[in-house]
Amino acid sequence: MAVYVEEQRLCLPAAGCPGPLGGPAAACGMSRLLGGTLERVCKAVLLLCLLHFLVAVILYFDVYAQHLAFFSRFSARGPARALHPAASSSTNFSRPNATTPSSGLPEAPSARPGPTAPVLPPCPDSPPGLVGRLLIEFTSPMPLERVQRENPGVLLGGRYAPPDCMPAQTVAVIIPFRHREHHLRYWLHYLHPILRRQRLRYGVYVINQHGEDTFNRAKLLNVGFLEALKEDATYDCFIFSDVDLVPMDDRNLYRCGDQPRHFAIAMDKFGFRLPYAGYFGGVSGLSKAQFLRINGFPNEYWGWGGEDDDIFNRISLTGMKISRPDIRIGRYRMIKHDRDKHNEPNPQRFTKIQNTKLTMKRDGIGSVRYQVLEVSRQPLFTNITVDIGRPPSWPPRG
């Protein structure tokens, strides 16, 4: 536009630009042509700017309207979410560090803003923090206060869940128990760090047999299965462990698989060898479905021995097979001790083992009878004291 004005000023003294191609007239004509072209270009630019501005205004109001509709939809859902605890942000006390499932939609702002639990990724199949072979010794004093200080992340009752990932299983560790407080302290000292490094969501249950009658390991394990599920119905993997056995390698993962798992395959008292092919004692694991499939464990093995062989028979009779870790990983140390009183060898165990096929349907988790006397949630475990009765005065047939 500035050039156009300057060119017009040059043409004023030319007296109207006479002549078709006269010198001053030709210059004036070229000036007018150039000025007209520039004017048209400027008008086109202004029109484009106006068009761009109108498009921007339309898009702004369109996006604004969509946001209003989006927020209104989530505000309308607010009361419905409050009616369903699984979809609310309230804490699920039965599953520590549990997170609510994501709907796949972005979170909408609410009238009462607050922190939302992050969606945790699945825990890796091979935990990255495992150490491997461990040095296990039972000579140092082991007060419970020390064990508690070493495991600040373990919640009341012996519950734990990894803070950075979501495990695929919820594991209940069941320990049959009576008068073994010294052994229990060592077990807690070693096993809690191992289980945490394995990224497990787990709880520890000590099933304490009340009284001084003959000990019944398998019946206590049945009780532990039922009582753990009463506390948390999401348990889907059950590890049954003697209190005097500690794994020597944290790569021996306390998980359940497609088949029942035998963990303690190489104890020091057996020279780190499997004593015989059908051995299923010490530490074993079954999923909830596998446990129910064999009708749990037998209740009629009073005293030492036989119940683990009966369990092996139940697994075989239901068409399942035993899964075991590599013998270099499945090594265990046993805390040396004298045999407990009222846990003498069961003289009927060999006869009972031969009759598993006849007894497993009537004797098991469906027939267990007991009375819970006390449930005490300690900092590192849940103690359940039970009365499981006493052995019959004469051995039952079959």
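Is R159 buried or exposed? Let me start there this morning, everyone. At 7% relative accessibility, R159 counts as buried. Keep in mind throughout that we are looking at a predicted model.

So what does this arginine pair with? R159 forms a salt bridge with E231, and the closest N and O atoms are 3.4 Å apart. In sequence the partners are 72 residues apart: E231 belongs to helix α5, residues 217–231, while R159 sits in the loop between α3 (144–150) and β1 (170–177). E231 itself is partly exposed, with a relative accessible area of 23%.

E231 has another partner as well. It makes a salt bridge with R377, with 2.9 Å between the closest N and O atoms. Here the two ends are 146 residues apart, E231 in α5 and R377 in strand β9, which covers residues 371–377. R377 counts as partly exposed, at 45% relative accessibility. If you bring D232 into view too, you have the whole group: R159, E231, D232 and R377 are linked in a network of salt bridges. As a general reminder, side chains of opposite charge can pair when their charged atoms come close.

Let me zoom out for a moment. The protein chain has nine helices and 10 strands. Of its 398 residues, 41% are buried. The accessible surface comes to about 22300 Å², and carbon and sulfur atoms account for 60% of that. I also like this one: take the contacts between residues at least 6 apart in sequence, and 81% of them join residues at least 24 apart. As for salt bridges, the structure holds 17.

One more of those salt bridges deserves a slide. The side chains of D250 and R197 meet at 3.0 Å, N to O. D250 lies in the loop between β4 (245–247) and β5 (261–262), and R197 in helix α4 (residues 181–197), so this pair ties together parts that are 53 residues apart in sequence. Which of the two is buried? D250 is, at 0% relative accessibility. R197 is partly exposed, with a relative accessible area of 24%.

Now to the strands, and please find β7, residues 283–287. How many of its five residues are buried? Five of the five are, so to speak the full set. V283, G285 and S287 point one way from the strand, S284 and L286 the other way. That fits the textbook picture: in a regular strand the side chains alternate between the two faces of the sheet. Which strands pair with β7? Strand β3, residues 237–241, runs antiparallel to β7 and is joined to it by five bridges, with F238 partnered by L286. β5 also pairs with β7 in the antiparallel sense, over two bridges, and there R261 has G285 as its bridge partner.

Next, a sheet elsewhere on the screen. Three strands form an open sheet in the order β4-β8-β6, with mixed pairing. β4 and β6 (266–267) are the edge strands, each pairing on one side only. Between β4 and β8 the pairing is antiparallel, over three bridges, and V246 has R333 in β8 as its bridge partner.

Let me finish with the inside of the protein. In soluble globular proteins, nonpolar side chains tend to be buried together. Here the largest nonpolar core has 41 residues, and those with the most contacts inside it are L184, W187, Y202, I239, Y254, V283 and Y332. The elements giving two or more residues to this core are β1, α4, β2 (201–209), β3, β4 and β8 (331–334). Which element gives the most? That is α4, with eight residues.

If you want one residue to click on, try Y254. Leaving aside neighbours within four places in sequence, Y254 is in contact with a list of residues including V171, L191, I239, F263, V283 and Y332. There is also a second, separate core of 29 residues, which includes V223, Y235, V368 and I388.

That's my tour, thank you for listening!

How values were computed. Residues are numbered from 1 along each chain as its sequence is written. This is a predicted model: local features need pLDDT of at least 70, side-chain atom pairs count only at pLDDT 80 or more; totals for chains, interfaces and linings use all residues. Side-chain values use heavy atoms; hydrogens and water are left out. Helices (H or I, at least four residues) and strands (E, at least two) are DSSP runs, numbered from the N terminus. Buried means under 20% relative accessible area, exposed over 50%, partly exposed in between (1.4 Å probe, protein chains only). Contact means heavy atoms within 4.5 Å. Accessible areas come from the Shrake-Rupley method with a 1.4 Å probe; for residues, only the protein chains shown count as cover. A salt bridge is a side-chain nitrogen of Lys or Arg within 4 Å of a carboxyl oxygen of Asp or Glu. Two strands pair if DSSP finds at least two bridges between them. A nonpolar core is a set of buried Ala, Val, Leu, Ile, Met, Phe, Trp, Tyr and Cys residues joined through side-chain atoms within 4.5 Å.
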